[in-house]
Amino acid sequence: MALNMKHLKSKSIVLLLCCASVVLVGYFILRQTERLLRETFEDKVVMISDSSAFKVTHGGLDISIVKQSFELKDVLILPDSLPQDKQISQSHIAIASVKAIDFDLFPLLFRKQLNIGQIDINGLELTYHKGQMKKPKPNSSVLRKSKKENQLSKVEIASISITDYHITKLSDNLKDSLSTLKGETLTITDVNFEKPIDKKRLRLNPSQLGLSATKLFGTLGGTEVKLPKFHFNCEQGSASLEGLQIGNPDLLRKKTERQQFNTPVNSVQIPEMNFYGIQTKSLLESKNILADSLVIDEAVFTIVKNTAKPWNTNKTIALPHHLLRNTRPKVRLEKLLMHDAVLGYKEYHNAKEMHLPIDQIELVVDNLGWNNDSKKENAMKVDITGRMFDDFLVNMKINFPDPMESDRFQFTGSTDSFNFETFNPIMVPTSNIKFESGRVQRINFNGTGNADETSGEFVMVYDNLTTTVLRHKDQRKNKTFSWLANTAVRKENPKHGKLKIAQMEYQRVPYKGFGNYMFKTIESGLINSVYPFGKRKAYR
(Lines give C-alpha, C1' and ligand atoms only; values in the text may rest on other atoms or scores of the structure.)
Protein backbone atom coordinates (compact mmCIF):
# COMPACT_ATOMS: atom_id res chain seq x y z
CA MET A 1 0.00 0.00 0.00
CA ALA A 2 2.80 2.38 0.95
CA LEU A 3 4.60 1.43 -2.23
CA ASN A 4 1.55 2.30 -4.35
CA MET A 5 1.16 5.64 -2.64
CA LYS A 6 4.79 6.43 -3.25
CA HIS A 7 4.44 5.47 -6.90
CA LEU A 8 1.31 7.62 -7.27
CA LYS A 9 3.07 10.55 -5.66
CA SER A 10 5.97 10.22 -8.09
CA LYS A 11 3.55 10.26 -11.03
CA SER A 12 1.88 13.39 -9.72
CA ILE A 13 5.21 15.13 -9.39
CA VAL A 14 6.15 14.16 -12.93
CA LEU A 15 2.77 15.37 -14.21
CA LEU A 16 3.12 18.68 -12.43
CA LEU A 17 6.63 19.08 -13.81
CA CYS A 18 5.35 18.35 -17.31
CA CYS A 19 2.53 20.87 -16.94
CA ALA A 20 4.93 23.45 -15.61
CA SER A 21 7.26 22.77 -18.51
CA VAL A 22 4.42 23.17 -21.01
CA VAL A 23 3.37 26.44 -19.37
CA LEU A 24 6.92 27.72 -19.37
CA VAL A 25 7.46 26.68 -22.98
CA GLY A 26 4.10 28.24 -23.93
CA TYR A 27 4.96 31.41 -22.07
CA PHE A 28 8.36 31.50 -23.76
CA ILE A 29 6.77 30.96 -27.18
CA LEU A 30 4.19 33.68 -26.53
CA ARG A 31 6.88 36.14 -25.47
CA GLN A 32 9.03 35.26 -28.45
CA THR A 33 6.03 35.60 -30.76
CA GLU A 34 5.22 38.99 -29.28
CA ARG A 35 8.86 40.01 -29.73
CA LEU A 36 8.83 38.84 -33.35
CA LEU A 37 5.59 40.73 -33.99
CA ARG A 38 7.11 43.91 -32.53
CA GLU A 39 10.23 43.49 -34.66
CA THR A 40 8.10 42.83 -37.76
CA PHE A 41 6.09 45.95 -37.02
CA GLU A 42 9.24 48.05 -36.62
CA ASP A 43 10.55 46.70 -39.93
CA LYS A 44 7.28 47.69 -41.60
CA VAL A 45 7.51 51.21 -40.14
CA VAL A 46 11.04 51.56 -41.51
CA MET A 47 9.93 50.24 -44.89
CA ILE A 48 7.05 52.71 -45.06
CA SER A 49 9.37 55.58 -44.17
CA ASP A 50 11.91 54.53 -46.81
CA SER A 51 9.42 53.97 -49.62
CA SER A 52 7.08 56.94 -49.13
CA ALA A 53 7.15 60.72 -48.74
CA PHE A 54 6.67 60.44 -44.97
CA LYS A 55 8.53 59.55 -41.81
CA VAL A 56 6.67 57.47 -39.22
CA THR A 57 7.54 57.48 -35.51
CA HIS A 58 5.76 56.22 -32.40
CA GLY A 59 6.17 56.18 -28.62
CA GLY A 60 5.88 52.45 -28.03
CA LEU A 61 4.05 49.28 -29.01
CA ASP A 62 2.42 46.94 -26.50
CA ILE A 63 1.35 43.51 -27.82
CA SER A 64 -0.47 40.86 -25.78
CA ILE A 65 -1.37 37.60 -27.47
CA VAL A 66 -3.17 36.39 -24.35
CA LYS A 67 -5.43 39.47 -24.31
CA GLN A 68 -5.57 39.43 -28.13
CA SER A 69 -4.72 43.12 -28.26
CA PHE A 70 -2.04 45.57 -29.22
CA GLU A 71 -1.69 49.28 -28.45
CA LEU A 72 0.39 51.92 -30.18
CA LYS A 73 0.96 55.31 -28.56
CA ASP A 74 2.07 58.76 -29.73
CA VAL A 75 2.09 58.07 -33.46
CA LEU A 76 3.48 60.89 -35.63
CA ILE A 77 3.62 60.93 -39.44
CA LEU A 78 5.54 63.81 -41.00
CA PRO A 79 6.53 64.71 -44.57
CA ASP A 80 10.11 63.94 -45.59
CA SER A 81 11.00 67.59 -46.18
CA LEU A 82 10.06 69.98 -43.37
CA PRO A 83 9.55 73.73 -44.03
CA GLN A 84 12.32 76.09 -42.98
CA ASP A 85 9.89 78.91 -42.10
CA LYS A 86 8.58 78.27 -38.58
CA GLN A 87 5.44 80.29 -39.34
CA ILE A 88 4.47 77.74 -41.98
CA SER A 89 2.34 74.86 -40.78
CA GLN A 90 3.39 71.40 -41.87
CA SER A 91 1.23 68.52 -42.99
CA HIS A 92 1.15 65.78 -40.40
CA ILE A 93 -0.87 63.04 -38.73
CA ALA A 94 -0.68 62.71 -34.96
CA ILE A 95 -2.50 60.03 -32.96
CA ALA A 96 -2.47 59.81 -29.17
CA SER A 97 -3.21 56.07 -29.13
CA VAL A 98 -4.33 53.20 -31.35
CA LYS A 99 -5.61 50.04 -29.73
CA ALA A 100 -6.74 46.84 -31.46
CA ILE A 101 -8.83 44.32 -29.53
CA ASP A 102 -9.78 40.72 -30.37
CA PHE A 103 -7.39 39.99 -33.20
CA ASP A 104 -6.94 36.35 -34.24
CA LEU A 105 -3.35 35.18 -34.56
CA PHE A 106 -3.91 31.72 -36.08
CA PRO A 107 -5.76 32.87 -39.24
CA LEU A 108 -2.90 35.33 -39.77
CA LEU A 109 -0.23 32.61 -39.43
CA PHE A 110 -1.92 29.82 -41.36
CA ARG A 111 -4.32 31.52 -43.82
CA LYS A 112 -2.70 34.92 -44.29
CA GLN A 113 -5.94 36.47 -43.06
CA LEU A 114 -6.08 39.30 -40.52
CA ASN A 115 -9.22 39.43 -38.36
CA ILE A 116 -9.63 42.26 -35.83
CA GLY A 117 -12.67 42.76 -33.63
CA GLN A 118 -12.23 46.44 -32.85
CA ILE A 119 -9.76 49.27 -33.37
CA ASP A 120 -9.96 52.31 -31.09
CA ILE A 121 -8.19 55.49 -32.25
CA ASN A 122 -8.07 58.34 -29.77
CA GLY A 123 -6.86 61.92 -30.30
CA LEU A 124 -6.44 62.01 -34.10
CA GLU A 125 -5.03 65.23 -35.58
CA LEU A 126 -4.68 65.53 -39.35
CA THR A 127 -3.28 68.65 -41.04
CA TYR A 128 -2.67 68.55 -44.78
CA HIS A 129 -1.86 70.50 -47.92
CA LYS A 130 -1.29 68.91 -51.31
CA GLY A 131 1.80 70.99 -51.97
CA GLN A 132 3.56 69.42 -49.00
CA MET A 133 2.78 65.88 -50.11
CA LYS A 134 4.85 65.54 -53.26
CA LYS A 135 5.99 61.95 -53.30
CA PRO A 136 9.67 61.32 -54.06
CA LYS A 137 10.79 58.45 -56.26
CA PRO A 138 10.67 55.38 -54.00
CA ASN A 139 13.56 53.00 -53.43
CA SER A 140 13.00 50.16 -55.96
CA SER A 141 14.59 47.49 -53.76
CA VAL A 142 12.38 48.50 -50.85
CA LEU A 143 9.32 48.33 -53.12
CA ARG A 144 10.25 44.82 -54.33
CA LYS A 145 10.69 43.67 -50.75
CA SER A 146 7.39 45.26 -49.74
CA LYS A 147 5.49 43.57 -52.58
CA LYS A 148 7.10 40.22 -51.79
CA GLU A 149 6.08 40.37 -48.15
CA ASN A 150 2.60 41.76 -48.80
CA GLN A 151 0.87 38.38 -48.99
CA LEU A 152 -2.27 39.00 -46.93
CA SER A 153 -5.30 37.45 -48.65
CA LYS A 154 -7.98 39.16 -46.56
CA VAL A 155 -8.46 41.75 -43.82
CA GLU A 156 -11.63 41.95 -41.73
CA ILE A 157 -12.21 44.63 -39.10
CA ALA A 158 -15.54 44.50 -37.30
CA SER A 159 -15.40 48.08 -36.00
CA ILE A 160 -13.14 51.15 -36.07
CA SER A 161 -13.90 53.87 -33.54
CA ILE A 162 -12.21 57.30 -33.77
CA THR A 163 -12.76 59.71 -30.90
CA ASP A 164 -11.72 63.34 -30.44
CA TYR A 165 -10.45 64.04 -33.94
CA HIS A 166 -9.42 67.29 -35.64
CA ILE A 167 -8.82 67.73 -39.40
CA THR A 168 -7.38 70.90 -40.96
CA LYS A 169 -6.84 71.79 -44.63
CA LEU A 170 -4.18 74.47 -45.10
CA SER A 171 -4.30 77.39 -47.53
CA ASP A 172 -1.74 77.89 -50.30
CA ASN A 173 0.44 80.08 -48.06
CA LEU A 174 0.45 77.28 -45.45
CA LYS A 175 -0.22 79.83 -42.72
CA ASP A 176 -4.02 79.84 -42.68
CA SER A 177 -6.64 77.11 -42.64
CA LEU A 178 -9.15 76.77 -45.50
CA SER A 179 -11.36 74.39 -43.57
CA THR A 180 -11.45 72.58 -40.24
CA LEU A 181 -13.46 69.67 -38.93
CA LYS A 182 -13.76 68.42 -35.35
CA GLY A 183 -15.79 65.51 -34.13
CA GLU A 184 -16.66 63.59 -31.00
CA THR A 185 -16.96 60.06 -32.39
CA LEU A 186 -16.60 58.47 -35.83
CA THR A 187 -17.46 54.77 -36.11
CA ILE A 188 -16.81 52.59 -39.18
CA THR A 189 -18.20 49.05 -39.19
CA ASP A 190 -17.65 45.93 -41.31
CA VAL A 191 -14.43 47.05 -42.96
CA ASN A 192 -13.37 44.25 -45.34
CA PHE A 193 -10.38 44.16 -47.69
CA GLU A 194 -10.24 41.30 -50.17
CA LYS A 195 -7.90 40.29 -52.98
CA PRO A 196 -9.76 39.78 -56.27
CA ILE A 197 -8.74 36.74 -58.29
CA ASP A 198 -7.21 38.82 -61.09
CA LYS A 199 -5.59 41.39 -58.79
CA LYS A 200 -2.42 41.39 -56.71
CA ARG A 201 -3.45 43.93 -54.08
CA LEU A 202 -6.15 44.03 -51.48
CA ARG A 203 -9.19 46.12 -52.30
CA LEU A 204 -11.93 47.45 -50.10
CA ASN A 205 -15.19 45.52 -50.36
CA PRO A 206 -17.75 48.13 -49.28
CA SER A 207 -20.85 45.92 -49.51
CA GLN A 208 -21.35 45.80 -45.72
CA LEU A 209 -19.61 49.05 -44.78
CA GLY A 210 -21.32 51.38 -42.34
CA LEU A 211 -20.33 54.80 -41.05
CA SER A 212 -21.73 57.01 -38.31
CA ALA A 213 -20.54 60.24 -36.71
CA THR A 214 -21.69 62.48 -33.87
CA LYS A 215 -21.17 66.13 -32.98
CA LEU A 216 -19.31 67.27 -36.09
CA PHE A 217 -18.45 70.95 -36.31
CA GLY A 218 -15.96 73.12 -38.14
CA THR A 219 -15.51 75.76 -40.83
CA LEU A 220 -15.65 75.55 -44.60
CA GLY A 221 -14.25 78.58 -46.41
CA GLY A 222 -14.89 80.73 -43.35
CA THR A 223 -18.47 79.44 -42.93
CA GLU A 224 -19.47 77.66 -39.76
CA VAL A 225 -20.74 74.07 -40.21
CA LYS A 226 -22.44 71.85 -37.62
CA LEU A 227 -23.73 68.30 -37.96
CA PRO A 228 -24.88 66.60 -34.73
CA LYS A 229 -25.56 63.23 -36.32
CA PHE A 230 -24.60 61.42 -39.54
CA HIS A 231 -25.16 57.84 -40.68
CA PHE A 232 -24.21 56.01 -43.90
CA ASN A 233 -25.19 52.44 -44.82
CA CYS A 234 -23.38 51.01 -47.81
CA GLU A 235 -25.53 47.88 -48.10
CA GLN A 236 -28.75 49.91 -48.28
CA GLY A 237 -27.19 52.77 -50.25
CA SER A 238 -28.60 55.30 -47.81
CA ALA A 239 -27.32 58.24 -45.78
CA SER A 240 -29.01 60.44 -43.20
CA LEU A 241 -28.00 63.81 -41.76
CA GLU A 242 -29.73 65.25 -38.71
CA GLY A 243 -29.50 68.86 -37.51
CA LEU A 244 -27.23 70.14 -40.30
CA GLN A 245 -26.43 73.85 -40.01
CA ILE A 246 -24.33 75.81 -42.50
CA GLY A 247 -23.66 79.39 -41.46
CA ASN A 248 -24.93 81.20 -38.39
CA PRO A 249 -28.17 83.14 -39.10
CA ASP A 250 -27.51 85.46 -36.15
CA LEU A 251 -24.19 86.65 -37.61
CA LEU A 252 -25.15 87.17 -41.26
CA ARG A 253 -25.73 90.92 -41.04
CA LYS A 254 -22.38 91.52 -39.33
CA LYS A 255 -20.72 89.44 -42.04
CA THR A 256 -22.24 91.60 -44.82
CA GLU A 257 -20.92 94.72 -43.10
CA ARG A 258 -17.37 93.38 -43.36
CA GLN A 259 -17.71 92.57 -47.05
CA GLN A 260 -16.41 94.79 -49.82
CA PHE A 261 -19.28 94.06 -52.22
CA ASN A 262 -23.03 93.54 -52.28
CA THR A 263 -22.73 89.76 -52.03
CA PRO A 264 -25.50 87.70 -50.39
CA VAL A 265 -24.60 85.85 -47.21
CA ASN A 266 -26.52 82.66 -46.57
CA SER A 267 -27.30 80.17 -43.86
CA VAL A 268 -29.32 76.95 -43.88
CA GLN A 269 -30.67 74.76 -41.10
CA ILE A 270 -31.91 71.28 -42.04
CA PRO A 271 -33.45 69.15 -39.28
CA GLU A 272 -33.42 66.02 -41.45
CA MET A 273 -31.95 65.10 -44.82
CA ASN A 274 -31.90 61.60 -46.37
CA PHE A 275 -30.21 60.12 -49.45
CA TYR A 276 -31.58 56.93 -51.01
CA GLY A 277 -30.13 54.64 -53.68
CA ILE A 278 -26.55 55.88 -53.44
CA GLN A 279 -24.22 54.20 -55.95
CA THR A 280 -21.45 53.29 -53.54
CA LYS A 281 -19.04 51.99 -56.17
CA SER A 282 -19.09 55.27 -58.07
CA LEU A 283 -18.72 57.22 -54.82
CA LEU A 284 -15.64 55.27 -53.68
CA GLU A 285 -13.91 54.83 -57.03
CA SER A 286 -14.57 58.12 -58.84
CA LYS A 287 -15.99 60.24 -55.97
CA ASN A 288 -19.09 61.00 -58.04
CA ILE A 289 -22.32 61.43 -56.07
CA LEU A 290 -25.02 59.41 -57.83
CA ALA A 291 -28.28 58.61 -56.03
CA ASP A 292 -31.94 57.87 -56.68
CA SER A 293 -33.29 60.60 -54.43
CA LEU A 294 -32.56 63.22 -51.80
CA VAL A 295 -35.32 64.21 -49.37
CA ILE A 296 -35.01 67.40 -47.28
CA ASP A 297 -37.52 68.16 -44.53
CA GLU A 298 -38.37 71.52 -42.91
CA ALA A 299 -35.24 73.37 -44.03
CA VAL A 300 -34.83 77.02 -43.03
CA PHE A 301 -32.89 79.24 -45.47
CA THR A 302 -31.77 82.78 -44.64
CA ILE A 303 -30.28 85.22 -47.16
CA VAL A 304 -29.01 88.67 -46.17
CA LYS A 305 -27.70 91.42 -48.48
CA ASN A 306 -26.23 94.83 -47.75
CA THR A 307 -27.37 96.91 -50.72
CA ALA A 308 -25.31 99.90 -49.54
CA LYS A 309 -22.27 98.02 -50.87
CA PRO A 310 -21.44 98.09 -54.61
CA TRP A 311 -21.85 95.09 -56.91
CA ASN A 312 -18.75 93.17 -57.90
CA THR A 313 -19.02 93.82 -61.63
CA ASN A 314 -15.90 91.76 -62.41
CA LYS A 315 -17.53 88.57 -61.15
CA THR A 316 -19.71 86.26 -63.25
CA ILE A 317 -22.35 84.26 -61.36
CA ALA A 318 -22.92 80.81 -62.84
CA LEU A 319 -26.47 79.83 -63.76
CA PRO A 320 -27.75 76.61 -62.10
CA HIS A 321 -27.07 74.35 -65.10
CA HIS A 322 -23.64 75.94 -65.62
CA LEU A 323 -22.83 75.20 -61.99
CA LEU A 324 -23.85 71.55 -62.38
CA ARG A 325 -21.71 71.15 -65.49
CA ASN A 326 -18.59 72.32 -63.69
CA THR A 327 -19.20 70.66 -60.32
CA ARG A 328 -16.46 68.26 -59.25
CA PRO A 329 -17.11 65.61 -58.16
CA LYS A 330 -20.03 65.07 -60.51
CA VAL A 331 -23.55 64.98 -59.05
CA ARG A 332 -26.63 63.15 -60.30
CA LEU A 333 -29.92 62.87 -58.41
CA GLU A 334 -32.89 61.26 -60.12
CA LYS A 335 -35.16 63.24 -57.80
CA LEU A 336 -34.75 65.99 -55.21
CA LEU A 337 -37.68 66.56 -52.83
CA MET A 338 -37.95 69.39 -50.33
CA HIS A 339 -40.90 69.56 -47.93
CA ASP A 340 -42.20 72.47 -45.85
CA ALA A 341 -39.13 74.69 -46.22
CA VAL A 342 -38.88 78.35 -45.19
CA LEU A 343 -36.93 81.16 -46.86
CA GLY A 344 -36.23 84.50 -45.24
CA TYR A 345 -34.73 87.03 -47.66
CA LYS A 346 -33.52 90.33 -46.17
CA GLU A 347 -32.01 93.44 -47.70
CA TYR A 348 -30.88 96.49 -45.82
CA HIS A 349 -29.45 99.81 -46.89
CA ASN A 350 -28.27 101.82 -43.88
CA ALA A 351 -31.47 102.32 -41.82
CA LYS A 352 -33.86 100.86 -44.42
CA GLU A 353 -34.74 97.20 -44.33
CA MET A 354 -36.73 94.93 -46.62
CA HIS A 355 -37.92 91.46 -45.66
CA LEU A 356 -39.44 88.89 -48.03
CA PRO A 357 -40.75 85.79 -46.18
CA ILE A 358 -41.68 82.62 -48.07
CA ASP A 359 -42.88 79.51 -46.26
CA GLN A 360 -44.63 76.21 -47.02
CA ILE A 361 -42.06 75.68 -49.77
CA GLU A 362 -42.42 72.44 -51.71
CA LEU A 363 -39.72 71.66 -54.27
CA VAL A 364 -39.41 68.80 -56.77
CA VAL A 365 -36.42 68.53 -59.11
CA ASP A 366 -36.18 65.68 -61.63
CA ASN A 367 -32.90 64.61 -63.24
CA LEU A 368 -30.65 66.94 -61.29
CA GLY A 369 -27.12 67.12 -62.62
CA TRP A 370 -24.81 65.04 -64.78
CA ASN A 371 -26.33 62.17 -66.78
CA ASN A 372 -24.11 59.06 -66.99
CA ASP A 373 -26.72 56.92 -68.72
CA SER A 374 -27.77 57.68 -72.29
CA LYS A 375 -31.03 55.78 -71.74
CA LYS A 376 -32.16 58.21 -69.05
CA GLU A 377 -33.90 61.51 -69.72
CA ASN A 378 -31.62 64.54 -69.90
CA ALA A 379 -34.18 67.25 -69.17
CA MET A 380 -33.94 68.75 -65.69
CA LYS A 381 -37.35 69.82 -64.42
CA VAL A 382 -37.96 72.10 -61.44
CA ASP A 383 -41.35 72.56 -59.78
CA ILE A 384 -41.49 74.90 -56.77
CA THR A 385 -44.42 76.20 -54.74
CA GLY A 386 -44.34 78.57 -51.76
CA ARG A 387 -46.50 80.93 -49.75
CA MET A 388 -45.44 84.60 -49.77
CA PHE A 389 -46.07 86.96 -46.84
CA ASP A 390 -48.15 84.29 -45.05
CA ASP A 391 -50.82 85.11 -47.62
CA PHE A 392 -50.88 83.61 -51.13
CA LEU A 393 -49.32 80.71 -53.00
CA VAL A 394 -46.89 81.08 -55.91
CA ASN A 395 -45.92 78.26 -58.26
CA MET A 396 -43.16 78.17 -60.83
CA LYS A 397 -41.98 75.45 -63.18
CA ILE A 398 -38.65 75.58 -65.01
CA ASN A 399 -37.56 73.10 -67.67
CA PHE A 400 -33.92 72.76 -68.78
CA PRO A 401 -34.19 70.48 -71.88
CA ASP A 402 -30.48 69.64 -72.04
CA PRO A 403 -28.73 71.28 -69.07
CA MET A 404 -25.32 69.71 -69.69
CA GLU A 405 -25.11 70.95 -73.29
CA SER A 406 -27.56 73.82 -73.86
CA ASP A 407 -28.34 77.11 -72.07
CA ARG A 408 -32.00 77.13 -73.16
CA PHE A 409 -34.80 76.86 -70.61
CA GLN A 410 -38.58 77.39 -70.44
CA PHE A 411 -40.60 78.57 -67.47
CA THR A 412 -44.22 79.04 -66.41
CA GLY A 413 -45.77 80.43 -63.23
CA SER A 414 -48.96 81.39 -61.45
CA THR A 415 -50.26 82.88 -58.21
CA ASP A 416 -53.38 82.79 -56.07
CA SER A 417 -55.38 85.98 -55.42
CA PHE A 418 -53.95 88.62 -53.05
CA ASN A 419 -54.16 92.31 -52.12
CA PHE A 420 -51.62 94.73 -53.60
CA GLU A 421 -50.99 96.06 -50.06
CA THR A 422 -49.31 92.73 -49.27
CA PHE A 423 -46.24 93.96 -51.17
CA ASN A 424 -45.83 97.19 -49.19
CA PRO A 425 -43.03 95.74 -46.98
CA ILE A 426 -41.01 95.39 -50.21
CA MET A 427 -42.20 98.42 -52.17
CA VAL A 428 -41.88 101.10 -49.47
CA PRO A 429 -38.19 100.60 -48.53
CA THR A 430 -37.01 99.86 -52.08
CA SER A 431 -39.03 102.29 -54.26
CA ASN A 432 -40.93 104.67 -51.92
CA ILE A 433 -44.21 103.48 -53.45
CA LYS A 434 -47.10 102.33 -51.27
CA PHE A 435 -50.15 100.46 -52.51
CA GLU A 436 -53.37 101.88 -51.02
CA SER A 437 -55.85 99.49 -52.60
CA GLY A 438 -56.23 96.86 -55.28
CA ARG A 439 -56.90 93.16 -55.57
CA VAL A 440 -55.08 90.68 -57.82
CA GLN A 441 -57.28 87.77 -58.88
CA ARG A 442 -54.46 85.82 -60.49
CA ILE A 443 -51.14 86.07 -62.27
CA ASN A 444 -50.00 83.73 -65.06
CA PHE A 445 -46.80 83.95 -67.05
CA ASN A 446 -44.66 81.84 -69.36
CA GLY A 447 -41.43 82.39 -71.23
CA THR A 448 -38.11 81.15 -72.51
CA GLY A 449 -34.56 82.11 -71.74
CA ASN A 450 -30.87 81.38 -72.16
CA ALA A 451 -27.61 82.62 -70.66
CA ASP A 452 -28.15 86.14 -72.07
CA GLU A 453 -31.84 87.06 -72.18
CA THR A 454 -35.42 86.06 -71.40
CA SER A 455 -38.76 86.82 -73.01
CA GLY A 456 -42.37 85.79 -72.60
CA GLU A 457 -45.95 86.79 -71.76
CA PHE A 458 -47.42 88.00 -68.48
CA VAL A 459 -51.10 88.22 -67.51
CA MET A 460 -52.28 89.89 -64.30
CA VAL A 461 -56.01 90.08 -63.63
CA TYR A 462 -56.69 92.84 -61.06
CA ASP A 463 -58.93 95.80 -60.15
CA ASN A 464 -59.13 99.01 -58.07
CA LEU A 465 -55.37 99.74 -58.07
CA THR A 466 -54.34 102.98 -56.30
CA THR A 467 -50.90 104.00 -55.06
CA THR A 468 -49.15 106.65 -53.00
CA VAL A 469 -45.68 107.98 -53.79
CA LEU A 470 -43.69 108.76 -50.62
CA ARG A 471 -41.03 111.38 -50.04
CA HIS A 472 -37.56 109.95 -49.77
CA LYS A 473 -36.54 111.88 -46.63
CA ASP A 474 -39.55 111.61 -44.31
CA GLN A 475 -41.71 108.92 -46.02
CA ARG A 476 -44.67 111.36 -46.10
CA LYS A 477 -47.07 111.43 -49.07
CA ASN A 478 -45.91 113.31 -52.15
CA LYS A 479 -49.27 114.58 -53.37
CA THR A 480 -48.13 115.67 -56.84
CA PHE A 481 -46.38 112.45 -57.77
CA SER A 482 -49.14 110.37 -56.18
CA TRP A 483 -51.72 112.10 -58.39
CA LEU A 484 -49.58 111.59 -61.47
CA ALA A 485 -49.02 107.92 -60.62
CA ASN A 486 -52.71 107.18 -60.07
CA THR A 487 -53.57 109.02 -63.26
CA ALA A 488 -51.00 107.13 -65.29
CA VAL A 489 -51.27 103.52 -64.08
CA ARG A 490 -53.91 101.12 -65.37
CA LYS A 491 -56.37 100.58 -62.53
CA GLU A 492 -57.77 97.27 -63.77
CA ASN A 493 -57.34 94.38 -66.19
CA PRO A 494 -59.42 93.37 -68.09
CA LYS A 495 -60.89 96.73 -68.99
CA HIS A 496 -64.03 97.05 -71.12
CA GLY A 497 -63.88 93.29 -71.66
CA LYS A 498 -60.35 93.37 -73.08
CA LEU A 499 -57.67 91.36 -71.29
CA LYS A 500 -54.22 92.85 -71.69
CA ILE A 501 -51.27 90.47 -72.06
CA ALA A 502 -47.98 92.16 -71.19
CA GLN A 503 -44.59 91.27 -72.59
CA MET A 504 -41.71 90.10 -70.41
CA GLU A 505 -38.15 90.71 -71.51
CA TYR A 506 -34.87 91.15 -69.71
CA GLN A 507 -31.16 91.22 -70.53
CA ARG A 508 -29.24 89.24 -67.95
CA VAL A 509 -26.64 90.99 -65.81
CA PRO A 510 -23.74 88.47 -65.54
CA TYR A 511 -22.66 89.47 -62.02
CA LYS A 512 -26.15 88.84 -60.60
CA GLY A 513 -27.61 85.43 -59.83
CA PHE A 514 -30.39 83.32 -61.31
CA GLY A 515 -32.91 84.53 -58.71
CA ASN A 516 -32.34 88.14 -59.77
CA TYR A 517 -32.55 87.08 -63.43
CA MET A 518 -36.01 85.53 -63.00
CA PHE A 519 -37.28 88.26 -60.64
CA LYS A 520 -36.37 91.03 -63.07
CA THR A 521 -37.98 89.12 -65.94
CA ILE A 522 -41.28 88.80 -64.03
CA GLU A 523 -41.00 92.40 -62.83
CA SER A 524 -40.81 93.57 -66.45
CA GLY A 525 -44.15 91.85 -67.11
CA LEU A 526 -45.72 93.49 -64.05
CA ILE A 527 -44.47 96.96 -65.07
CA ASN A 528 -45.74 96.52 -68.64
CA SER A 529 -49.11 95.48 -67.19
CA VAL A 530 -49.75 98.65 -65.16
CA TYR A 531 -47.74 101.40 -66.90
CA PRO A 532 -49.64 103.35 -69.58
CA PHE A 533 -46.96 102.84 -72.22
CA GLY A 534 -46.00 99.30 -71.24
CA LYS A 535 -45.46 96.69 -73.93
CA ARG A 536 -48.66 94.64 -74.18
CA LYS A 537 -51.34 93.43 -76.56
CA ALA A 538 -55.12 93.07 -76.37
CA TYR A 539 -56.63 89.64 -76.11
CA ARG A 540 -60.41 89.07 -76.28
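These are my notebook entries on what I looked up in this structure.

**Entry 1: the model as a whole**

I am working from a predicted model. I began with the secondary structure and counted 9 helices and 24 strands in the protein. Next I checked burial. Of the 540 residues, 35% count as buried. I then turned to the surface, where the protein exposes about 31900 Å². Carbon and sulfur atoms supply 57% of that exposed area. Last, I looked at contacts with a separation of 6 or more. Residues 24 or more positions apart account for 61% of them.

**Entry 2: Val382**

I picked one strand residue to follow up. Val382 sits in strand 17, which covers residues 380–388. Is Val382 buried or exposed? Its relative accessibility is 17%, so Val382 counts as buried; the cut-off for buried is under 20%.

Which residues does Val382 touch, once its neighbours within four places in sequence are set aside? I listed Leu363, Val364 and Val365 on the one hand, and Met396, Lys397, Ile398 and Phe400 on the other. I also checked the backbone spacing to one of these partners. Ile398 is 16 residues away from Val382 along the chain, yet their C-alpha atoms are separated by 5.0 Å.

**Entry 3: salt bridges**

I searched the whole structure and got 13 salt bridges. I looked at three of them in detail.

The first pairs Lys154 with Glu156, at 2.9 Å from N to O. Lys154 is partly exposed, with a relative accessible area of 23%. Glu156 is also in the partly exposed class, at 26%. I followed this pair further and found a network of salt bridges that links Lys154, Glu156 and Glu194.

The second joins the side chains of Glu224 and Lys226, with an N to O distance of 3.7 Å. For Glu224 I noted 29% relative accessibility, which means partly exposed. Lys226 has a relative accessible area of 39% and is partly exposed as well.

The third is between Glu257 and Arg253, whose closest N and O atoms are 3.9 Å apart. How many residues separate Glu257 and Arg253 in helix 4? They are 4 residues apart in this helix (residues 252–258), so about one helical turn separates them. Glu257 is partly exposed, at 45% relative accessible area. Arg253 is partly exposed too, at 33%.

**Entry 4: a negative patch**

I went on to the charged surface. Which residues form the negative surface patch? I found Glu242, Glu272, Glu298, Asp340 and Glu362.

I chose Glu298 from this group for a further check. Glu298 lies in the loop that runs between strand 13 (289–297) and strand 14 (300–306). Its relative accessibility is 48%, so Glu298 counts as partly exposed. The cut-off for exposed is over 50%.

**Entry 5: a nonpolar patch**

I ended on the nonpolar surface. Phe481, Trp483 and Leu484 make a nonpolar surface patch of about 370 Å². I placed Trp483 in helix 8, residues 479–488. Is Trp483 buried or exposed? At 57% relative accessibility, Trp483 counts as exposed.

Note on methods:
Residues numbered from 1 in each chain as written. Predicted model: local features only at pLDDT ≥ 70, side-chain atom pairs only at ≥ 80, totals over all residues. Heavy atoms only, no water. Patch = residues over 30% accessible without salt bridge, like charges linked within 9 Å, V, L, I, M, F, W, Y side chains within 5 Å. Areas by Shrake-Rupley, 256 points an atom, 1.4 Å probe, with all protein chains shown as cover. Salt bridge = Lys/Arg side-chain N within 4 Å of Asp/Glu carboxyl O. Lys, Arg positive; Asp, Glu negative; His and termini not counted. Charge placed at Lys NZ, Arg CZ, Asp CG, Glu CD. Helix = DSSP H or I, 4+ residues; strand = E, 2+ residues; numbered from the N terminus. Buried < 20%, exposed > 50% of the residue type's maximum accessible area, 1.4 Å probe, protein only. Contact = heavy atoms within 4.5 Å.
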